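Here is a quick tour of a protein model, written for someone who likes to know the cut-offs behind each statement. Have the viewer open as you read.

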Amino acid sequence: MADYTSPEHHPAFEEYCETIFELNEDGQRVIQARIAERLEVSRPAVSEMVRRMSDEGLVVVEDGEIQLTEPGRELATTMVRRHRLAERFLTDMLGLSWAEAHHEAGKWEHVISPAVERAIADQLDDPTTCPHGNPIPGSGYVEPKLEALSTVATGSSATVTRIPEELEFTPGLLEFLESNEIKPGVAAKVIASSPDGTTTVDVGGTIVGLSAFTAERILVTI
(Lines give C-alpha, C1' and ligand atoms only; values in the text may rest on other atoms or scores of the structure.)
Protein backbone atom coordinates (compact mmCIF):
# COMPACT_ATOMS: atom_id res chain seq x y z
CA MET A 1 0.00 0.00 0.00
CA ALA A 2 1.07 3.55 -0.62
CA ASP A 3 2.29 5.53 2.40
CA TYR A 4 -0.01 8.54 2.59
CA THR A 5 1.08 11.40 4.80
CA SER A 6 -0.07 15.00 4.93
CA PRO A 7 0.61 18.14 6.92
CA GLU A 8 -1.52 18.54 10.02
CA HIS A 9 -4.74 20.43 9.41
CA HIS A 10 -7.71 21.41 11.52
CA PRO A 11 -10.19 18.48 11.72
CA ALA A 12 -12.81 20.63 9.98
CA PHE A 13 -10.54 21.01 6.95
CA GLU A 14 -10.00 17.26 6.96
CA GLU A 15 -13.73 16.59 7.12
CA TYR A 16 -14.55 18.99 4.30
CA CYS A 17 -11.81 17.60 2.04
CA GLU A 18 -13.06 14.09 2.73
CA THR A 19 -16.64 15.11 1.95
CA ILE A 20 -15.65 16.73 -1.36
CA PHE A 21 -13.71 13.58 -2.29
CA GLU A 22 -16.67 11.32 -1.49
CA LEU A 23 -19.18 13.47 -3.36
CA ASN A 24 -16.90 13.31 -6.40
CA GLU A 25 -16.56 9.56 -5.95
CA ASP A 26 -20.34 9.23 -6.03
CA GLY A 27 -20.44 11.22 -9.28
CA GLN A 28 -22.04 14.32 -7.81
CA ARG A 29 -21.26 17.90 -8.74
CA VAL A 30 -19.73 19.44 -5.62
CA ILE A 31 -21.51 22.65 -4.71
CA GLN A 32 -22.01 24.29 -1.34
CA ALA A 33 -25.58 23.01 -0.98
CA ARG A 34 -24.48 19.38 -1.27
CA ILE A 35 -21.73 19.83 1.31
CA ALA A 36 -24.20 21.52 3.66
CA GLU A 37 -26.64 18.62 3.21
CA ARG A 38 -23.98 15.93 3.75
CA LEU A 39 -22.48 17.56 6.84
CA GLU A 40 -25.79 18.89 8.16
CA VAL A 41 -24.51 22.43 8.54
CA SER A 42 -25.78 25.79 7.24
CA ARG A 43 -24.84 27.12 3.82
CA PRO A 44 -23.24 30.25 5.37
CA ALA A 45 -21.02 27.94 7.46
CA VAL A 46 -20.00 26.05 4.32
CA SER A 47 -19.33 29.29 2.48
CA GLU A 48 -17.02 30.51 5.24
CA MET A 49 -15.18 27.19 5.47
CA VAL A 50 -14.70 26.99 1.70
CA ARG A 51 -13.26 30.50 1.77
CA ARG A 52 -10.80 29.48 4.48
CA MET A 53 -9.87 26.31 2.61
CA SER A 54 -9.29 28.32 -0.54
CA ASP A 55 -6.96 30.61 1.42
CA GLU A 56 -5.11 27.48 2.63
CA GLY A 57 -4.73 26.24 -0.94
CA LEU A 58 -6.88 23.15 -0.41
CA VAL A 59 -9.69 23.96 -2.85
CA VAL A 60 -10.54 26.15 -5.81
CA VAL A 61 -14.01 27.28 -6.85
CA GLU A 62 -14.89 27.51 -10.52
CA ASP A 63 -18.41 28.36 -11.72
CA GLY A 64 -19.79 27.46 -8.30
CA GLU A 65 -18.17 24.03 -8.29
CA ILE A 66 -15.70 23.22 -5.51
CA GLN A 67 -12.63 21.28 -6.55
CA LEU A 68 -9.76 19.90 -4.52
CA THR A 69 -6.27 21.12 -5.31
CA GLU A 70 -3.41 18.62 -5.22
CA PRO A 71 -2.73 19.30 -1.50
CA GLY A 72 -6.48 19.07 -0.84
CA ARG A 73 -6.70 15.75 -2.65
CA GLU A 74 -3.73 14.38 -0.71
CA LEU A 75 -5.40 15.36 2.56
CA ALA A 76 -8.73 13.91 1.45
CA THR A 77 -7.12 10.67 0.35
CA THR A 78 -5.46 10.29 3.73
CA MET A 79 -8.74 10.86 5.57
CA VAL A 80 -10.72 8.50 3.36
CA ARG A 81 -8.07 5.82 3.67
CA ARG A 82 -7.96 6.06 7.46
CA HIS A 83 -11.75 6.15 7.76
CA ARG A 84 -12.22 3.02 5.65
CA LEU A 85 -9.40 1.15 7.37
CA ALA A 86 -10.93 2.07 10.73
CA GLU A 87 -14.34 0.82 9.59
CA ARG A 88 -12.81 -2.46 8.51
CA PHE A 89 -10.95 -2.85 11.82
CA LEU A 90 -14.03 -2.00 13.88
CA THR A 91 -16.26 -4.48 12.05
CA ASP A 92 -13.82 -7.30 11.38
CA MET A 93 -11.82 -7.23 14.61
CA LEU A 94 -14.19 -5.70 17.17
CA GLY A 95 -17.51 -6.87 15.81
CA LEU A 96 -19.22 -3.49 15.60
CA SER A 97 -22.21 -3.05 13.31
CA TRP A 98 -21.86 -1.11 10.08
CA ALA A 99 -23.60 1.94 11.52
CA GLU A 100 -21.54 1.90 14.73
CA ALA A 101 -18.31 1.48 12.78
CA HIS A 102 -19.18 4.31 10.40
CA HIS A 103 -19.86 6.65 13.33
CA GLU A 104 -16.75 5.68 15.28
CA ALA A 105 -14.47 5.77 12.23
CA GLY A 106 -15.49 9.41 11.75
CA LYS A 107 -13.68 10.09 15.04
CA TRP A 108 -10.75 7.74 14.55
CA GLU A 109 -9.74 9.13 11.16
CA HIS A 110 -8.61 12.41 12.75
CA VAL A 111 -6.27 10.84 15.30
CA ILE A 112 -4.77 7.83 13.50
CA SER A 113 -1.05 8.35 12.92
CA PRO A 114 0.84 6.94 9.91
CA ALA A 115 2.35 4.25 12.17
CA VAL A 116 -1.05 3.16 13.50
CA GLU A 117 -2.51 3.29 9.98
CA ARG A 118 0.20 0.93 8.79
CA ALA A 119 -0.31 -1.39 11.77
CA ILE A 120 -4.06 -1.59 11.15
CA ALA A 121 -3.51 -2.40 7.49
CA ASP A 122 -0.98 -5.09 8.41
CA GLN A 123 -3.30 -6.58 11.02
CA LEU A 124 -6.10 -6.78 8.44
CA ASP A 125 -3.79 -8.18 5.73
CA ASP A 126 -4.05 -5.07 3.56
CA PRO A 127 -7.77 -4.94 2.72
CA THR A 128 -8.75 -3.23 -0.51
CA THR A 129 -12.24 -2.07 0.52
CA CYS A 130 -14.20 -0.88 3.52
CA PRO A 131 -17.01 -3.15 4.83
CA HIS A 132 -19.39 -1.54 2.34
CA GLY A 133 -17.18 -2.32 -0.66
CA ASN A 134 -15.80 1.18 -1.25
CA PRO A 135 -12.11 1.21 -2.25
CA ILE A 136 -9.39 2.04 0.24
CA PRO A 137 -7.01 4.52 -1.47
CA GLY A 138 -3.55 3.12 -2.05
CA SER A 139 -4.64 -0.50 -1.59
CA GLY A 140 -4.27 -1.58 -5.20
CA TYR A 141 -8.05 -1.96 -5.58
CA VAL A 142 -9.09 -2.89 -9.10
CA GLU A 143 -12.67 -1.93 -9.89
CA PRO A 144 -14.77 -4.57 -11.63
CA LYS A 145 -17.46 -3.70 -14.15
CA LEU A 146 -20.27 -2.31 -12.03
CA GLU A 147 -23.89 -1.43 -12.66
CA ALA A 148 -26.77 -0.23 -10.54
CA LEU A 149 -28.98 -2.88 -8.96
CA SER A 150 -31.99 -1.08 -10.44
CA THR A 151 -30.81 -2.00 -13.96
CA VAL A 152 -30.73 -5.75 -13.33
CA ALA A 153 -33.50 -7.53 -15.19
CA THR A 154 -36.26 -9.28 -13.28
CA GLY A 155 -35.34 -12.93 -12.82
CA SER A 156 -31.60 -12.25 -12.99
CA SER A 157 -29.10 -12.44 -10.17
CA ALA A 158 -26.21 -10.13 -9.32
CA THR A 159 -23.56 -9.87 -6.63
CA VAL A 160 -23.73 -6.86 -4.35
CA THR A 161 -20.37 -5.10 -4.66
CA ARG A 162 -20.53 -1.52 -3.34
CA ILE A 163 -22.73 0.50 -1.00
CA PRO A 164 -21.72 4.08 -1.96
CA GLU A 165 -21.07 6.76 0.63
CA GLU A 166 -24.33 8.53 -0.22
CA LEU A 167 -26.23 5.57 1.21
CA GLU A 168 -23.99 5.43 4.29
CA PHE A 169 -25.16 8.94 5.18
CA THR A 170 -28.85 8.17 4.67
CA PRO A 171 -30.38 7.83 8.17
CA GLY A 172 -31.20 4.25 9.12
CA LEU A 173 -30.16 2.77 5.80
CA LEU A 174 -26.92 1.07 6.89
CA GLU A 175 -28.81 -0.70 9.67
CA PHE A 176 -31.51 -1.77 7.21
CA LEU A 177 -29.08 -3.10 4.63
CA GLU A 178 -26.90 -4.94 7.14
CA SER A 179 -29.87 -6.51 8.94
CA ASN A 180 -31.19 -7.78 5.59
CA GLU A 181 -27.77 -9.11 4.50
CA ILE A 182 -27.47 -6.65 1.59
CA LYS A 183 -23.68 -6.78 1.79
CA PRO A 184 -20.75 -6.97 -0.63
CA GLY A 185 -20.27 -10.52 -1.86
CA VAL A 186 -23.90 -11.51 -1.36
CA ALA A 187 -26.01 -12.73 -4.29
CA ALA A 188 -29.33 -10.98 -4.85
CA LYS A 189 -31.96 -12.17 -7.30
CA VAL A 190 -34.32 -9.51 -8.63
CA ILE A 191 -37.84 -10.89 -8.39
CA ALA A 192 -39.87 -7.75 -9.11
CA SER A 193 -39.59 -4.14 -10.23
CA SER A 194 -42.48 -1.80 -9.46
CA PRO A 195 -43.58 1.29 -11.44
CA ASP A 196 -42.50 3.50 -8.52
CA GLY A 197 -38.96 2.18 -8.89
CA THR A 198 -39.03 -0.24 -5.96
CA THR A 199 -36.83 -3.27 -6.61
CA THR A 200 -37.65 -6.47 -4.75
CA VAL A 201 -34.83 -8.96 -4.29
CA ASP A 202 -34.40 -12.44 -2.88
CA VAL A 203 -31.29 -12.64 -0.68
CA GLY A 204 -30.75 -16.17 0.59
CA GLY A 205 -34.48 -16.76 0.85
CA THR A 206 -35.24 -13.40 2.46
CA ILE A 207 -37.42 -11.08 0.37
CA VAL A 208 -36.34 -7.43 0.61
CA GLY A 209 -37.89 -4.36 -1.00
CA LEU A 210 -35.51 -1.54 -1.89
CA SER A 211 -36.61 1.98 -2.77
CA ALA A 212 -35.72 3.49 -6.13
CA PHE A 213 -33.23 5.79 -4.37
CA THR A 214 -31.45 2.79 -2.83
CA ALA A 215 -31.60 0.40 -5.80
CA GLU A 216 -30.26 3.07 -8.16
CA ARG A 217 -27.17 3.50 -5.96
CA ILE A 218 -26.26 -0.02 -4.85
CA LEU A 219 -23.63 -1.24 -7.29
CA VAL A 220 -23.46 -4.88 -8.36
CA THR A 221 -21.58 -7.21 -10.66
CA ILE A 222 -23.41 -9.63 -12.91
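What follows goes through the ground rules, a helix, two pockets and the strands.

## Ground rules

This is a predicted model, in which local features need pLDDT of at least 70 and side-chain atom pairs count only at pLDDT 80 or more, while totals for chains, interfaces and linings use all residues. Residues are numbered from 1 along each chain as its sequence is written, and side-chain values use heavy atoms, with hydrogens and water left out.

Helices (H or I, at least four residues) and strands (E, at least two) are DSSP runs, numbered from the N terminus.

## Helix 1

Let's start with helix 1, which covers residues 11-25. The expected span of a helix is 1.5 Å times one less than its number of residues. For the 15 residues of helix 1 that gives 21 Å, and the end C-alpha atoms are 21 Å apart, which agrees. After the helix comes Gly-27, with a positive phi near 80°.

Buried here means under 20% relative accessible area, exposed means over 50%, and partly exposed is in between (1.4 Å probe, protein chains only). By that yardstick 11 of the 15 residues of helix 1 are buried, so the rest of the structure largely encloses it. Among them are the aromatics Phe-13, Tyr-16 and Phe-21, but also Glu-14, Glu-18 and Glu-22. What covers these buried residues, counting contact as heavy atoms within 4.5 Å, includes helix 2 (32-39), helix 3 (43-55), strand 1 (59-62), strand 2 (65-68), helix 4 (70-92) and helix 7 (165-168).

## The two pockets

First, how a pocket is found. On a 1 Å grid over the protein atoms alone, a pocket is an open set of points where a 1.4 Å probe fits, with protein on both sides within 12 Å along at least five of seven lines; lining residues have an atom within 4 Å of a point. Grid points are joined across faces, edges and corners, and a volume is the space filled by probe spheres set on the points. For residue classes, Ala, Val, Leu, Ile, Met, Phe, Trp, Tyr, Cys and Pro count as nonpolar, Asp, Glu, Lys and Arg as charged, and the others, Gly among them, as polar.

The largest pocket has a volume of about 400 Å³. Its lining has 23 residues, and His-83, His-102, His-103, Glu-168 and Phe-169 lie nearest its centre. Helix 1, helix 2, helix 5 (98-108), helix 7 and helix 8 (173-179) each give two or more residues to that lining. By class, the lining of the largest pocket splits into 6 nonpolar, 8 polar and 9 charged. The second largest pocket comes in at about 280 Å³. Helix 2 gives the most to its lining, with 3 residues. The residues that line this second pocket include Leu-23, Arg-34, Glu-37, Arg-38, Phe-169 and Phe-213, and the lining divides into 4 nonpolar, 2 polar and 5 charged.

## A hairpin and Val-60

Two strands pair if DSSP finds at least two bridges between them. Strand 1 and strand 2 do so in the antiparallel sense, over 4 bridges, with Ile-66 of strand 2 as the bridge partner of Val-61. The two strands form a hairpin with 2 residues between them, and Asp-63 in the turn has a positive phi of about 55°.

Val-60 also lies in strand 1. Is Val-60 buried or partly exposed? Its relative accessible area is 32%, which makes Val-60 partly exposed. Leaving aside neighbours within four places in sequence, Val-60 is in contact with Glu-65, Ile-66, Gln-67 and Thr-69.

## The six-stranded sheet

Elsewhere, 6 strands form an open antiparallel sheet in the order 3-8-4-5-6-7. Strand 3 (147-148) and strand 7 (206-210) stand at the edges with a single partner strand each, so one side of each has no neighbour in the sheet.

Now for the pairings. Strand 3 meets strand 8 (residues 219-221) over 2 bridges, and Ala-148 has Leu-219 as its bridge partner. Strand 8 also pairs with strand 4 over 3 bridges, where Arg-162 stands opposite Leu-219. Strand 4 (residues 157-162) is joined to strand 5 (residues 187-193) by 3 bridges, and Ser-157 is partnered by Lys-189. Strand 5 and strand 6 (residues 199-203) share 4 bridges, with Ala-192 opposite Thr-200. These last two strands form a hairpin with 5 residues between them, and Gly-197 in the turn has a positive phi of about 95°.
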